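Dear colleague,

I am passing the structure below on to you, and after it you will find my notes on what came out of going through it. Please read them with the coordinates open beside you.

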Amino acid sequence: MVADHTDELTVRRLRDGDEVAFVSIMTAWSPGMLRLARVYVRTIQSAEDVVQDAWLRWDGTSESVNDLRAWLTTVVSRLSLDRLRSAAGPLLKLARDADPDVRRASLEALRQLGEPRALPVALAALEDRETALKALECIAALGGPGQAQAVAKLAGRQPSVDVLT
């Protein structure tokens with residue numbers, strides 16, 4: 001069992017192929033890495049894939065890593081964000097769909113993902129009352145106080161302005 005997982009000796013042991021050190025660290029750190037990935041991705045399977053990809057990246061990297069925990073935390077965060085962004089792409093297209101039910105569902109998913117690129121799509125979706133309500137929820141969740149004037153200005157030009165009252 002490895003006593004201190006953060007020191008250079010541990011990294012050196014891992015680099016030298018010490019399987020006991022690897023199993024020890026992987027067992028100790030993977031649950032925390034999984035929790036971090038779950039902050040970003042929606043399914044446990046995606047989070048597990050992110051953690052596995054992070055370990056594989058470390059195994060394949062030739063860069064000098066002195067603080068392995070910090071390096072893995074950064075990699076898990078970046079891989080998770082990449083997955084999140086890739087999931088948002090199709091949803092952004094669906095948010096412009098002709099079917100209002102599809103638009104509403106995709107705007108809701110984008111809001112849940114915290115995808116800031118959904119703001120202009122949400123503003124453009126203020127067409128019918130139900131879609132306008134979903135779009136305004138999306139804008140409120142993603143836009144913050146800085147978007148208040150733009151929303152008020154746009155709402156004044158929309159036939160669905162009654163959703164704000």
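Ser-80, leaving out residues up to four places away in sequence, touches Ala-37, Tyr-40, Val-41 and Val-50. The residue lies in helix α4, and its relative accessible area is 0%, so Ser-80 counts as buried. A polar atom of the Ser-80 side chain lies 2.8 Å from the backbone oxygen of Val-76. Please bear in mind, here and in everything that follows, that this is a predicted model.

As to the chain in general, it holds eight helices and zero strands, and from the N terminus on its elements run α-α-α-α-α-α-α-α. Of the 165 residues in the chain, 39% are buried, while the accessible surface comes to about 9,600 Å², with 54% of that surface belonging to carbon and sulfur atoms. If one takes the contacts between residues at least 6 apart in sequence, 54% of them join residues that are at least 24 apart.

The largest nonpolar core has 21 residues, and those with the most contacts inside it are Met-33, Leu-68 and Leu-72. At least two residues of this core come from each of α1 (8–15), α2 (19–40), α3 (44–60) and α4 (68–94). Met-33, once its neighbours within four places in sequence are left aside, is in contact with Val-51, Ala-54, Trp-55, Leu-72 and Val-76; Val-76 is also the residue whose backbone oxygen lies 2.8 Å from a polar atom of the Ser-80 side chain. Apart from this core lies another, of 17 residues, among them Leu-84, Ala-122, Cys-138 and Leu-142.

Trp-55, listed above among the contacts of Met-33, brings me to the aromatic rings, for which the count comes to one pair. The rings of Phe-22 and Trp-55 have their centres 5.4 Å apart and their planes at 80°, and the pair is therefore edge-to-face, the angle being over 60 degrees. This pair links distant parts of the chain, since Phe-22 is in helix α2 and Trp-55 in helix α3, 33 residues apart. The two partners fall into separate classes of accessibility: Phe-22, with a relative accessible area of 29%, is partly exposed, whereas Trp-55, with 6%, is buried.

How many salt bridges does the structure hold? There are two. One of them joins Arg-13 to Asp-18, with the closest N and O atoms 2.8 Å apart. Arg-13 has a relative accessible area of 28% and is partly exposed, and Asp-18, with a relative accessible area of 23%, is likewise partly exposed. In the other, the side chains of Arg-83 and Asp-53 meet at 3.6 Å, N to O. The pair of Arg-83, in helix α4, and Asp-53, in helix α3, links distant parts of the chain, the residues being 30 apart. Arg-83 is partly exposed, with a relative accessible area of 29%, and Asp-53 counts as partly exposed as well, at 30% relative accessibility.

Two residues of helix α5 also deserve a place in these notes. Ser-106 lies in that helix, which spans residues 100–113, and counts as buried at 2% relative accessibility. Not counting residues up to four places away in sequence, Ser-106 touches Leu-91, Leu-94 and Ala-95.

Glu-108 lies in helix α5 too. Is Glu-108 buried or exposed? With a relative accessible area of 17%, Glu-108 is buried, because the class takes in residues under 20%. If residues up to four places away in sequence are not counted, Glu-108 touches Lys-134 and Glu-137. The C-alpha atoms of Glu-108 and Glu-137 are separated by 8.2 Å, although the two residues are 29 apart along the chain. For the contact of Glu-108 with Lys-134 I can state the contact itself, but I have no salt bridge to report between them, the two in the structure being the Arg-13 pair with Asp-18 and the Arg-83 pair with Asp-53.

With kind regards

Technical notes: Residues numbered from 1 in each chain as written. Predicted model: local features only at pLDDT ≥ 70, side-chain atom pairs only at ≥ 80, totals over all residues. Heavy atoms only, no water. Helix = DSSP H or I, 4+ residues; strand = E, 2+ residues; numbered from the N terminus. Buried < 20%, exposed > 50% of the residue type's maximum accessible area, 1.4 Å probe, protein only. Contact = heavy atoms within 4.5 Å. Areas by Shrake-Rupley, 256 points an atom, 1.4 Å probe, with all protein chains shown as cover. Core = buried A, V, L, I, M, F, W, Y, C linked by side-chain atoms within 4.5 Å. Salt bridge = Lys/Arg side-chain N within 4 Å of Asp/Glu carboxyl O. Polar contact = N/O pair within 3.5 Å; in protein donor to acceptor, adjacent residues only side chain to side chain. Phe/Tyr/Trp six-rings, centres within 6.5 Å; stacked < 30°, edge-to-face > 60°.
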